[in-house]
Structure formats: C-alpha cells, structure tokens
Protein chains: 4
Amino acid sequence: MSKISVAVLGATGMIGQRFIQMLEDHPYFEIEGLYASERSQGKRLGDVLKVRDHEYLDDTMDRRIETMDISKIAKNCRIAFSGIPSDLAGPTESQLAEAGVAVFTNAGSHRMDPHVPILIPEVNPDQFEAVKDQPTYNSTGGYIVTNANCSSTGIAAPLKAIDDAFGLKQVFVSTYQALSGAGYPGVPSLDAVGNVVPFISHEEEKMESELAKMLGTYQRGEFEFAKFKVMANCARVPVVDGHLESLVLDMEQQPTLEELERCLVSFRGEPQRLELPSAPVQPIIVRKEDNRPQPVFDAMAGRPVRARGMAVTVGRLRQSNGYYKAFAMSHNTLRGGAGGSVLNAELAKAKGIL
Amino acid sequence: MSKISVAVLGATGMIGQRFIQMLEDHPYFEIEGLYASERSQGKRLGDVLKVRDHEYLDDTMDRRIETMDISKIAKNCRIAFSGIPSDLAGPTESQLAEAGVAVFTNAGSHRMDPHVPILIPEVNPDQFEAVKDQPTYNSTGGYIVTNANCSSTGIAAPLKAIDDAFGLKQVFVSTYQALSGAGYPGVPSLDAVGNVVPFISHEEEKMESELAKMLGTYQRGEFEFAKFKVMANCARVPVVDGHLESLVLDMEQQPTLEELERCLVSFRGEPQRLELPSAPVQPIIVRKEDNRPQPVFDAMAGRPVRARGMAVTVGRLRQSNGYYKAFAMSHNTLRGGAGGSVLNAELAKAKGIL
Amino acid sequence: MSKISVAVLGATGMIGQRFIQMLEDHPYFEIEGLYASERSQGKRLGDVLKVRDHEYLDDTMDRRIETMDISKIAKNCRIAFSGIPSDLAGPTESQLAEAGVAVFTNAGSHRMDPHVPILIPEVNPDQFEAVKDQPTYNSTGGYIVTNANCSSTGIAAPLKAIDDAFGLKQVFVSTYQALSGAGYPGVPSLDAVGNVVPFISHEEEKMESELAKMLGTYQRGEFEFAKFKVMANCARVPVVDGHLESLVLDMEQQPTLEELERCLVSFRGEPQRLELPSAPVQPIIVRKEDNRPQPVFDAMAGRPVRARGMAVTVGRLRQSNGYYKAFAMSHNTLRGGAGGSVLNAELAKAKGIL
Amino acid sequence: MSKISVAVLGATGMIGQRFIQMLEDHPYFEIEGLYASERSQGKRLGDVLKVRDHEYLDDTMDRRIETMDISKIAKNCRIAFSGIPSDLAGPTESQLAEAGVAVFTNAGSHRMDPHVPILIPEVNPDQFEAVKDQPTYNSTGGYIVTNANCSSTGIAAPLKAIDDAFGLKQVFVSTYQALSGAGYPGVPSLDAVGNVVPFISHEEEKMESELAKMLGTYQRGEFEFAKFKVMANCARVPVVDGHLESLVLDMEQQPTLEELERCLVSFRGEPQRLELPSAPVQPIIVRKEDNRPQPVFDAMAGRPVRARGMAVTVGRLRQSNGYYKAFAMSHNTLRGGAGGSVLNAELAKAKGIL
C-alpha cells in the first residue's frame with residue numbers, strides 16, 4: 001500500500017515540529033514537504049529547532065522549509081496538517097479545503113464553524129459526519145477537521161467516560177498550563193521563571209464552549225451542545241510540556257471512588273477498537289500514588305511507543321461535600337496538539353474519508 | 001514605653017527568619033533571643049540564611065541561636081513567636097503557655113483545639129475571646145493563638161468581605177502554592193524545576209475546615225463553624241514566595257462585578273481601625289489588569305513599608321454560569337505565616353491581653 | 001538648590017524602568033518625562049511593567065509614556081538617561097548630544113567612539129576628561145558617556161583593585177548571566193527554563209575589549225588600552241537578576257589570599273571619596289561563606305538604601321597552580337545598567353560638567 | 001550465551017535508577033537484584049522514582065528493593081554496579097571485592113586508591129591493567145573499578161583527543177552543573193529556582209586531580225599523572241540533567257579551528273573499535289550552531305538508542321589571544337554516572353576480566 005502524501009504547515013513552530021515527530025515512519029502517511037511563512041523559506045529544520053526531545057526529528061534535520069503555495073500543496077498532498085497561527089489559519093485552511101485538501105488543524109479559527117467538528121476520536125467520532133456537510137466536501141473532496149484546544153483535550157476523554165456512566169452536571173476546572181502551549185517565542189522568560197501568570201487569552205471561553213460542543217451531538221446538519229456547565233480558571237506555570245488540571249465534578253449519580261476509577265480505566269473508544277497507529281492502548285491511565293500526575297513523569301504517558309504522549313493521566317480521586325475531585329494531565333502539544341490531529345487523520349482513513 | 005520582650009522559636013527556618021524580619025525595629029516588641037533545636041545551638045543567624053530578601057536581617061546576622069529552654073524563655077519573655085515544626089510545636093507550645101507565655105504560632109498543632117482561635121485580625125477578631133477560656137490564661141496568663149494555614153489565609157479576608165455582603169454558599173478553590181510554604185530544605189529541586197506537584201499533605205483538609213472555623217463564631221465557650229462549603233485542590237508550583245489561588249464562588253446574592261469589586265476594595269477590619277503597625281492600610285487590593293495578580297509582582301503588596309507582604313491581591317473578577325470567578329494571592333510566609341502572628345500579637349496588645 | 005531636569009529614554013524597557021527606580025527622590029535629578037518609541041506613546045508606565053521589585057515604581061505607575069522628540073527633550077532636559085536598544089541609540093544619542101544634552105547611556109553603540117569614555121566612577125574617573133574632546137562639548141555643551149557592558153562592569157572594580165596592587169597579566173572569565181540582561185521580551189521561556197544557553201551575541205568580544213579600554217588611560221586625546229589579556233566565555237542561565245562570573249587570574253605578584261582579600265575590601269574610589277548619592281559605601285564586598293556570592297542573596301548588595309544593587313560581591317578566593325580563583329557577582333541592570341549611568345551623571349555633577 | 005548476573009546497589013537513588021535503565025535488556029548483563037539501605041527494604045521501585053524519563057524503568061517498577069547483604073550478593077552476582085553514597089561505598093565495596101565481586105562504582109571513595117583505575121574506556125583503557133594488582137584480584141577474583149567524577153568525565157574524551165594531537169599545557173574550566181549531580185533529595189528547591197550556587201564540595205579538587213590521573217599512565221604498578229594543569233571553578237545551575245562546561249585551553253601546538261574540529265570529530269576509542277553495546281558510534285559530537293551545546297538539546301546525545309546520553313557534545317570552538325575556547329557538555333548521570341560504569345563493565349567483559 002502506498003502511503004498518503006501529507007504537507008506539514010507551520011513547520012518552524014512548536015506544533016509543526018510535533019507533527020513531524022508524530023509522522024516519522026508513519027504507516028499511513030508520508031511527509032511531502034515542510035511549509036511555513038516566507039520569512040522561513042529555505043531554512044534548515046535543524047536551525048529552527050523548538051522541540052526539546054529532538055532525537056525524533058534527527059533524520060529530517062537537514063530538510064528545508066518551503067513557503068506555503070496553496071496550489072502546489074493541493075497538487076501534491078491529500079492532507080495538510082496545520083500548525084500555523086490562528087490569524088493565518090482561517091483563510092489558508094479554507095483555501096486548501098477549496099482546493100481539495102483534507103485539512104487537519106490545530107488552529108482555533110474554524111472550531112466554531114457550522115459543519116467543522118472539533119474531533120477527539122475517543123470522544124466524538126460520530127461528529128466526523130459533519131464534514132460531509134461542508135460545501136467543499138462534495139465539490140473538491142477537501143474539508144477541515146480541527147483538534148480541540150489543548151486544555152479541553154486534556155479532560156475531554158475522562159469527562160466523556162464519566163458523563164456516559166454517571167451523568168455530568170457541572171465541571172469546575174483550574175489549569176496549570178505548560179509554556180509550550182504558547183508556542184515559540186511565546187512567554188518571555190522574565191514572566192515565566194519563578195512565576196505563574198493567571199491569564200491565557202480566550203482560553204477559559206474556549207474550554208467552556210468546546211467541551212460542550214464535543215460532548216454534544218451532530219444531528220440533522222447541526223451541532224447540539226451538551227448540557228453540563230463548565231467553569232474554568234486558566235493559568236500558565238513554568239513547565240515545559242504537559243497541562244495539569246484540577247477538577248471538581250458535580251455528577252448526577254454518586255458512584256464510589258472505586259467505581260469512578262474503574263469507569264476511567266476501562267474506558268475505550270473508536271481508536272482503540274480500530275487499533276489506530278497513534279492510539280494509546282489505554283487512553284485514560286489512573287495513578288494511585290498520592291502525588292501524581294506530574295508533568296515531568298506523566299506528560300509522555302501512552303503506549304506503544306508511537307502513542308507516547310497520547311494518553312491522559314488522572315490521579316488523586318477524592319470526594320468532598322458530595323463532589324468528586326481529581327487532577328488530570330495530558331501532553332499539550334502531542335495529545336492536545338499535533339498528535340490529536342494525526343489521530344483524527346488516522347480515523348479519517350479508517351472511515352474511508354480520505 | 002518600654003518594649004515587650006519576645007522570643008523567636010525556630011529561628012533557623014523560613015518562618016522564623018520572617019519573624020525576625022517583621023520584628024526588626026518593631027514599635028511594640030523587642031527580640032530577646034533566637035531559639036531553635038539543639039542541632040543549631042551557637043550557629044550564627046547569617047550562616048543559616050533562608051529568606052532571599054535578607055537585607056532585612058542584616059543587622060541580626062551575627063546573632064547566635066540558642067536551644068529552646070522553656071523556663072528561660074518564660075522568665076525573660078512575655079511572648080513567643082513560634083515557627084517550629086508541627087510535631088515539636090504541640091508539646092513545646094503547651095509548656096510555654098503553662099509557664100505563662102503568650103504563644104503566637106504558625107504551627108498547625110493547636111489549630112483545632114477547643115479554645116484556641118485561628119486568628120486573622122481582619123476576619124475574626126472577636127474569636128480572640130476564646131483564649132480567656134484556655135486553662136492557662138487564668139492560672140499563669142499564658143495562652144496560645146495560631147495563625148491560619150497559609151492557603152486559607154490568602155483568601156480568608158476576601159471570603160469574609162463577600163460573605164458579609166452577599167452570602168457565601170460554596171467555594172471552589174485551586175491553589176498554586178510557593179515552595180517556601182514547605183519550609184527548608186522542603187521540596188527537592190528535582191521535583192520542583194519545570195514541574196508541578198499536585199499534592200500537599202493535609203492542605204486540602206485544612207482549607208476545608210479552617211476557613212469554616214474562622215468565618216464562624218465563638219459563643220458560650222464553643223466555636224460554631226460557618227455553613228458554606230469549601231472544595232479545595234492544592235498543588236505546589238516552582239515559585240519562591242506567594243500563593244496564588246483560583247476561585248469559583250457560589251453566592252446567595254448576584255451582585256454586579258462592580259459591586260463585588262467595591263465590596264473588596266472598601267473592606268476594612270479591626271487592624272485598620274486600630275492602625276496596628278503591621279496592618280496594611282488597604283487589606284484587599286483589586287488589580288484591573290487582565291494578567292494579575294502574579295507572584296513576582298504582587299506577593300509583596302501592602303503599605304506602609306512595615307506591612308509589605310501583608311495585603312491580599314485579587315484580580316480577574318468574572319462571572320460564568322451564575323458563579324463568580326477570581327484569582328487571589330498573598331505572601332505565604334508573611335501574611336500567611338510570620339506576619340499573621342505578629343499582627344495577632346499587635347491585636348492582643350491593643351486589646352490589653354498582654 | 002533646584003534639581004536638574006532629566007529625560008528617561010526607553011522607559012518601557014527593563015533598563016528604562018531601572019532608571020526610573022534609581023531616580024526616584026534623587027537629590028540631584030528630577031524626571032521631566034518618560035520617553036519611548038511611538039508604539040508605546042500614551043501608555044501608562046504601570047501597564048508596561050517589567051521590573052519585578054516594582055514597589056519602587058509605584059508612585060510613577062500612572063505616568064504616561066511620550067514619543068522621543070529630540071528638540072523637546074533638548075529644550076527641557078540637561079540630561080538624557082538612555083536605555084534604548086543599540087540600533088536606535090546610535091543616531092538618537094548623537095542628535096541629543098548635538099542638541100546640547102548630556103547623554104548617559106546604557107547602549108553599546110558609542111562605546112568604542114574615539115572620545116567617548118566607558119565610565120565606571122570607581123575605576124576610571126579620569127577618563128571623563130575625554131568628553132571635553134567631543135565636538136559637541138564645546139559647541140552645544142552636549143556629550144555622550146556610556147556605562148560598560150553589564151558583564152564587564154561586574155568585575156571591573158575588582159580587577160582595577162588587583163591590577164593596581166599586584167599587576168594583572170591574564171583574566172580567564174566565564175559568565176553565568178541573568179535573563180534581564182537580554183531585556184524584555186528577551187529570552188523565550190522555552191530556551192530558559194531548566195537550561196543554559198552558552199552564547200550571548202558579541203558579549204565575549206565586548207568583555208575582551210571594554211575592560212582593556214576602561215583599565216587603560218586617556219592621554220593626549222587618545223585612549224591607551226591596558227595590557228593584560230582577557231579570555232571570556234559567556235552563557236545565559238535561568239536567573240532573573242544578577243550576573244555571576246567565575247575568575248582565574250594570572251598576576252605579576254603572588255599575594256597571600258589574606259592580602260588579596262584586604263586589597264578588595266579596602267578598595268575605595270572617587271564616588272566614595274565624593275560621597276555620591278548612589279555610591280555604595282563599600283564598593284567591593286568579600287563574602288567568607290563557602291557558597292557565596294549567589295544571585296538571590298547578593299545581587300542587591302550595597303548600602304545605603306539608594307546604593308542597593310550597586311556593590312560588587314566577591315567570594316571563594318582560592319589559589320591553584322600559581323593562579324588565583326574567585327567568583328564575582330553584581331546586579332546587571334543596576335550596577336551594570338541604569339545605576340551605572342546614574343552614578344556617572346552624579347560624578348559629572350560633582351566635577352562641574354553639567 | 002547466558003547473561004552475567006549483576007546487582008544494582010543504591011537502587012532508590014538517582015544513579016541506581018540510571019543503572020537499571022542502562023541495564024534493561026542488556027545483551028551481556030542481567031539484573032539479579034536491586035539493593036539499598038535497610039530503610040528502603042521492601043519498597044517498590046515505582047514508589048521511589050527519581051529519574052524523569054521513567055518509561056525506561058516501567059517494566060521493573062514493581063520490583064522490590066532488598067537490603068545489601070554482602071554474602072548474598074557475592075553468592076549470586078559476578079558484578080555489583082554501585083550508586084551508593086561515598087561514605088557507605090568505601091567499606092561496602094571493599095567487602096564485595098574481597099568476597100569476589102567485580103565492583104563498578106560511581107562513588108568517589110576508592111578513586112585515589114593505588115591500584116584502582118578511574119576508567120573511561122575511550123580515554124584510558126590500558127589502565128584497566130591496574131586491577132590485576134589489586135590484592136583481591138588474585139585471591140577471590142573481586143576488584144574495584146570507578147568511573148570518573150561527572151564533571152571530569154564530560155571533558156575527558158575531548159581533552160584526551162586534543163592532548164594526543166596537539167599537546168595540552170593548561171585547562172581553564174568552569175562548570176554549569178545539573179541538579180541531578182547532587183542526587184536526591186539533593187539541592188533544596190529554594191536554593192535552585194532562579195539561582196546559581198558557586199560551590200560544590202570537593203568538586204574542583206576532584207577535577208584538578210582526576211583528569212591528570214586518567215590522562216596519565218599506569219606502569220610498573222603505579223599511576224603516573226599527566227603533566228598539564230587544570231584550574232577549575234564549579235557551580236550548580238537550575239538544570240535537571242547535563243553538565244555544561246566552559247573551556248579555555250593552552251596547547252603546545254596551534255592548530256586551526258578546522259584541524260581542532262577534525263581532531264574531535266574523528267576521535268574513536270577502544271569501545272568504538274570493540275563495538276561495545278553502550279558505546280556511542282561517535283563519542284565526541286561537534287555542533288556548528290552558534291548557541292550549542294545546550295542541556296535540553298544535547299544532554300541525551302549519542303547513538304544508537306542504547307548509547308543515548310553517552311556522547312559528549314562540543315561547540316563554539318574559538319580562538320582568543322593564543323588560547324582555544326569551547327563549551328562541552330555531557331549527561332552527568334549517564335555518561336558521567338551509571339552509563340560510565342556500565343561501559344567499564346562491558347570493556348571488562350571484552351577484555352576477559354569477568
């Protein structure tokens with residue numbers, strides 16, 4: 001079987017380089033070219049290195065960056081993985097879809113578009129159907145699928161598992177978000193070292209709306225949002241990779257902590273049933289130690305090797321005043337970024353929509 | 001007026017050194033001796049330096065540490081400010097009270113004792129009356145007053161102001177706690193650098209019970225706890241000083257954000273009315289910038305100079321789904337530690353209980 | 001005596017804000033206006049806060065930034081303290097000098113100009129004479145004086161003391177430089193957290209030439225450079241303020257370590273003799289502890305209060321194979337930045353060149 | 001071929017866990033047991049996790065720690081890999097050697113013993129002969145081989161290459177050492193965050209003597225030390241893994257920078273010739289970028305996968321005043337710790353001394 005040619009957009013950035021990492025030796029996909037803004041044209045990938053565990057990138061270090069030429073990409077690639085900034089992503093991704101490219105993007109620009117799913121294969125694989133209502137889908141075969149915001153992703157699967165089993169009424173979430181979530185150069189070091197910044201532009205609004213869209217349904221051409229309420233407080237901490245999130249959950253039923261744990265540990269989704277290449281065997285890991293999850297130990301959770309950084313880790317399950325408390329964490333630029341979109345494209349292939 | 005002689009217990013530690021700093025040139029109190037465990041006997045204060053802004057300590061750097069001799073302390077001092085570890089604090093502080101010393105302590109050992117107030121002068125000055133029911137009070141004149149846990153302190157005044165004005169029903173709080181809260185050596189650097197640890201032993205339980213005790217009443221010889229519920233998630237972040245806390249508040253009334261802000265900004269307590277030396281003129285500061293409060297900018301808030309680090313800063317007031325959201329921060333070893341106890345002693349003097 | 005009106009250029013930046021801090025309630029100088037690029041016009045100083053110990057800035061937080069209008073500045077100010085970037089500093093500072101303003105600058109643009117001294121009042125006060133050979137000095141009364149690069153400054157006084165006493169032949173220096181030295185936004189946090197970057201553009205070349213210029217002489221209209229050699233390795237570490245530098249010194253004489261220490265401790269310069277307001281009483285402090293100097297404890301060394309951050313701290317004096325070893329540290333944006341230029345202006349006033 | 005049974009001593013510590021990581025699926029060696037002090041007896045390895053990239057340890061996470069029983073270890077194991085603290089290492093390792101065990105240790109206790117080599121297989125494989133003069137070697141077959149101090153290791157191979165090619169006269173080195181070098185709990189976070197500590201006990205003395213011992217010879221039963229001089233300044237920086245070191249070199253010859261680079265890049269040693277399992281194909285990597293090596297990018301350098309963290313990276317080759325300057329870095333607990341000893345044992349096997 002010949003592999004599907006893919007373009008990586010925004011290859012000089014944090015997410016773009018995670019795309020390259022996730023796509024190395026991929027069984028379905030083959031990188032055709034690395035694209036970025038004109039400013040970066042001709043640069044070696046190795047000279048714009050952002051990702052710390054760059055051993056994954058070693059073999060492509062000498063590859064050169066090209067400028068984004070829509071018609072060239074459309075001619076050569078079935079898929080574009082996009083890690084470009086939101087302001088640029090809006091028009092560029094629309095043009096690519098019109099030109100027949102399947103766009104799997106980390107950018108937020110199209111997330112609230114009427115027929116664009118915010119897709120997490122373990123959570124809302126059925127919402128993939130929405131792409132068939134995108135105008136370009138029937139004309140050129142192009143379409144747009146977004147992954148969720150990195151903070152929403154980190155808790156979407158646990159919330160889905162819990163909502164299905166026990167009914168979710170309210171979610172109180174506070175984030176401890178990693179620096180890589182702001183891209184590069186991102187947060188100035190003078191704001192980061194020894195400090196916490198309790199503000200991330202539009203992040204709380206995104207969490208409060210995206211989770212409801214994802215855990216809702218797509219029926220008769222429209223998204224119906226889930227009914228539970230989300231109250232989010234977001235802050236940036238001096239951690240490199242891995243978003244930690246504290247949770248207080250208000251549920252319809254009152255399971256024991258053991259039942260709650262079992263519900264999380266046994267959760268499996270479409271990617272696990274389909275055995276997609278980047279799907280973690282166990283999508284939600286529950287740690288029993290009293291001080292986990294921690295970014296430095298748990299951000300890269302996920303097995304097999306191709307799914308490292310793709311599992312969500314939950315710990316410190318507790319009860320208090322009728323509420324449930326927990327901490328959750330996930331890798332913000334793998335599961336919550338490039339890895340999310342790669343898994344979406346794997347699902348597309350399995351569903352025959354490529 | 002001659003000054004009151006005071007002992008500082010635990011002078012080699014983080015809190016002990018903050019006591020020394022707060023007591024330098026104090027108008028009421030004069031340090032008689034620095035005390036610590038036998039291990040530290042004879043050491044120069046300068047050789048066991050813990051507090052980073054040590055210029056405050058410069059004049060006492062050559063002072064020597066003595067071992068804790070109860071009868072010597074009782075003979076020479078009316079007050080002991082205690083920054084010793086909880087396991088040691090229990091018996092030592094009881095012995096001092098029995099020997100006639102007024103103990104103002106940062107340790108948690110006696111916080112839930114029947115007649116021991118957890119005192120924050122802006123919040124529950126009336127609970128000071130409880131000490132008169134301590135057995136030692138009438139026999140030797142000794143008694144014990146504790147300050148609150150550092151995380152509880154940081155939000156106690158805002159919660160008090162809000163409860164009085166609008167009625168509190170539920171408090172959802174997540175903490176971003178500084179390293180100095182764990183004392184010295186405290187958290188190993190390998191756990192702290194680039195990491196968050198989502199566990200602080202007994203901290204959540206303390207927050208959930210102490211706030212209710214403090215915002216309750218002391219009547220007929222008993223503490224009656226406040227009725228609102230607290231759900232706490234506590235985590236340690238790589239910040240040196242200053243606890244940040246995210247809040248979601250469920251209130252009986254639904255004020256506008258302007259009314260909420262006005263309520264916080266205009267809040268004044270007993271220390272402000274009495275113009276106590278370490279009382280900040282404005283105990284709750286509200287920042288309007290979208291990215292404050294931050295530890296590096298706001299931990300030391302408070303005026304005049306003697307009250308630096310004694311104000312609480314609140315920011316990012318928002319509404320969401322009928323709840324109110326905010327971030328609050330305060331200095332964990334000043335307002336939430338040594339400074340709290342010094343202010344308690346100042347209140348004792350003003351009330352004539354010294 | 002009425003105060004001298006001064007302009008602060010680059011008021012939105014790290015150095016500019018240190019100028020404002022050093023000039024608060026200054027006995028000689030009064031800030032007439034805060035200036036920066038057009039982009040910042042009209043902004044509140046409080047909204048572009050960079051310096052962490054901002055309590056010093058509190059009283060000017062509401063002051064607005066103006067754009068740099070050369071003729072307006074020249075009309076209203078005798079002095080311009082400049083913290084603007086080097087590329088802009090070259091022409092702007094020349095224009096100001098031509099317009100009659102005495103420019104005291106932190107920028108490097110004019111440091112190697114023929115009659116511009118790199119001035120550290122303790123080290124080379126006589127080189128101030130060079131300004132009288134600047135063309136503008138006799139026409140408009142304007143002139144330019146630069147402070148040294150922050151890394152050079154940190155060791156200039158100790159090297160001067162040692163060169164005078166024992167003769168310097170070679171200096172091997174490695175730097176551990178703080179993030180604030182790169183300005184704001186400066187170093188991206190993803191490069192800084194948990195990392196060291198062994199490269200600072202042109203820093204090593206500056207150290208190897210500036211120290212020789214400063215420790216040389218100005219005679220017959222020309223700078224004669226000192227003869228000792230400097231070999232520098234420069235690196236950036238995740239420290240906020242305070243450059244630490246390791247030293248291996250090759251001297252002509254072989255003093256005992258006690259003699260070396262005495263030479264450093266007893267060193268006094270022109271600012272001490274003239275009792276300039278920002279001069280530390282003791283310009284070189286020697287610490288005897290085995291683990292000092294450290295940025296968090298020693299960066300702010302210097303007394304009285306106005307001279308905080310203006311002393312250099314030296315520690316760990318050792319001998320090895322005929323060489324002398326030590327660590328030195330100083331505050332890079334106070335002594336090595338804004339404070340250096342303020343002290344230069346104070347010397348100018350004392351010398352009657354204002 | 002059946003594998004050789006080995007014991008890991010100090011399995012709860014930083015170095016012990018790196019031993020376990022390096023020995024996972026090792027072609028020659030098989031872990032028989034994990035040993036530590038009595039305090040840790042019976043603990044799960046997973047509960048005393050220290051190393052951040054713990055995925056390597058996953059399969060042994062449930063393994064239990066045993067107390068160090070010399071006769072049991074001697075009965076079951078040919079080799080003991082020791083990561084125990086120096087005070088304990090002295091007698092324990094001697095007893096093991098007497099009992100017939102080949103001890104490969106990271107501890108410093110025996111480094112200066114008369115017939116104990118400080119071994120780096122690329123640098124001084126011939127010094128392995130010294131073990132044959134250890135009394136136990138001929139009686140029980142037991143012996144002791146130490147790896148070098150982590151800072152010495154990081155530059156030993158480059159210095160060896162340069163000394164052989166161009167003759168070394170003097171080495172001026174300053175270190176930027178990682179926190180993991182101090183073990184766990186090691187450096188308190190309050191000393192590490194945003195700080196540099198310019199003191200590591202005995203480190204400078206070790207560097208100044210160990211390098212000379214290693215680059216010397218062992219002849220007629222005695223070590224003859226190399227003649228070049230080392231002047232070291234050592235400091236601890238807030239980096240997790242990877243020691244960076246600045247170098248100024250005084251050489252007999254004056255090669256061009258290209259010649260110097262070629263000498264380093266083409267260097268190969270005994271482990272490369274013997275293709276030992278943990279030997280990096282290229283032991284010295286030279287980076288051409290102007291800002292490398294950096295801990296976060298280069299600490300794990302080394303190929304193939306088993307040799308990750310075993311290569312030394314050198315960068316920023318420069319000339320200045322007749323000296324050569326460079327930065328070097330290596331992984332302090334892999335190449336400079338456990339990995340060094342594993343490579344030593346691999347060499348022992350290849351030489352038939354096991």
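In this predicted model, 43 residues of chain B are in contact with 43 residues of chain A. The size of an interface is often given as the accessible area lost when the parts come together. For chains B and A that comes to about 3,500 Å², with 56% of it on carbon and sulfur atoms. On the chain B side, the residues that give up the most area to chain A are B:Tyr176, B:Pro198 and B:Asn233, and together they make up 17% of what that side buries.

There is plenty of polar chemistry to look at here too. Between chain B and chain A, 6 salt bridges turn up, and one of them pairs B:Arg316 with A:Glu204, whose closest N and O atoms sit 2.8 Å apart. Polar contacts across the B and A interface add up to 29 residue pairs, counting pairs with both residues at pLDDT 80 or more. As for where the chain B side comes from, the elements giving two or more residues are the strands β7 (168–177), β10 (229–236), β11 (243–251), β13 (312–320) and β14 (323–330), along with the helices α7 (203–214) and α10 (295–298). The biggest giver is β10(B), with 7 residues. Sorted by class, the chain B side that touches chain A holds 24 nonpolar, 11 polar and 8 charged residues.

Several of those strands belong to one sheet. In chain B, 6 strands make up an open sheet with mixed pairing, in the order β10-β7-β11-β14-β13-β12. Its edge strands are β10 and β12 (284–287) of chain B, each of which pairs on one side only. On average, neighbouring strands of this sheet are turned by 25° against each other, ignoring direction. So β10(B) is both an edge strand of the sheet and the element that gives the most residues to the side touching chain A, with strands of a sheet in general pairing through backbone hydrogen bonds, either parallel or antiparallel.

Within the chain B sheet, β7(B) and β10(B) run parallel and are joined by 8 bridges. B:Tyr176 has B:Ala235 as its bridge partner in β10(B), and B:Tyr176 is also among the residues that lose the most area to chain A. Two helices go with this sheet. Helix α7(B) lies across β7, β10 and β11 of chain B and runs at about 145° to β10(B). Helix α8 (residues 257–265) of chain B packs on the sheet as well, touching β11, β12, β13 and β14 of chain B, and its direction makes about 165° with that of β13(B).

Chain A also meets chain D. That contact takes 20 residues from chain D and 21 residues from chain A. The two chains bury about 1,400 Å² between them, 46% of it on carbon and sulfur atoms. Here the salt-bridge count is 0, and the count of residue pairs in polar contact, with both at pLDDT 80 or more, is 0 as well. By class, the side of chain D that touches chain A has 6 nonpolar, 2 polar and 12 charged residues.

Chain D has an open sheet of 6 strands, in the order β3-β2-β1-β4-β5-β6 and with parallel pairing. Because β3 (65–67) and β6 (143–146) of chain D stand at the edges with a single partner strand each, one side of each has no neighbour in the sheet. Neighbouring strands of the chain D sheet are turned by 30° against each other on average, direction ignored. Strands β1 (residues 4–9) and β2 (residues 29–36) of chain D run parallel and are joined by 6 bridges, with D:Ala7 standing opposite D:Gly33 in β2(D). Helix α1 (residues 14–23) of chain D packs on this sheet, where it touches β1, β2, β4 (79–82) and β5 (102–105) of chain D, and its direction makes about 155° with that of β1(D).

A few backbone oddities round things off. Most residues other than glycine have a negative phi, and most peptide bonds are trans. In chain B, however, B:Arg303 and B:Pro304 are joined by a cis peptide bond with omega of about 0°, and B:Pro304 is in the loop between α10 and β13 of chain B. In chain C, the bond from C:Arg303 to C:Pro304 is cis, with omega near 0°, and C:Pro304 lies in the loop between α10 (295–298) and β13 (312–320) of chain C. Then there is B:Asp25, which is not a glycine but has a positive phi of about 55°; B:Asp25 is in the loop between α1 (14–23) and β2 (29–36) of chain B.

Terms used. Residues numbered from 1 in each chain as written. Chains lettered and ligands numbered in written order. Predicted model: local features only at pLDDT ≥ 70, side-chain atom pairs only at ≥ 80, totals over all residues. Heavy atoms only, no water. Contact = heavy atoms within 4.5 Å. Buried area = accessible area lost by both parts, 1.4 Å probe. Salt bridge = Lys/Arg side-chain N within 4 Å of Asp/Glu carboxyl O. Polar contact = N/O pair within 3.5 Å; in protein donor to acceptor, adjacent residues only side chain to side chain. Helix = DSSP H or I, 4+ residues; strand = E, 2+ residues; numbered from the N terminus. Nonpolar A, V, L, I, M, F, W, Y, C, P; charged D, E, K, R; others polar. Pairing = 2+ DSSP bridges. Axes fitted to C-alpha atoms, helices over the stretch in contact; angles between N-to-C directions.
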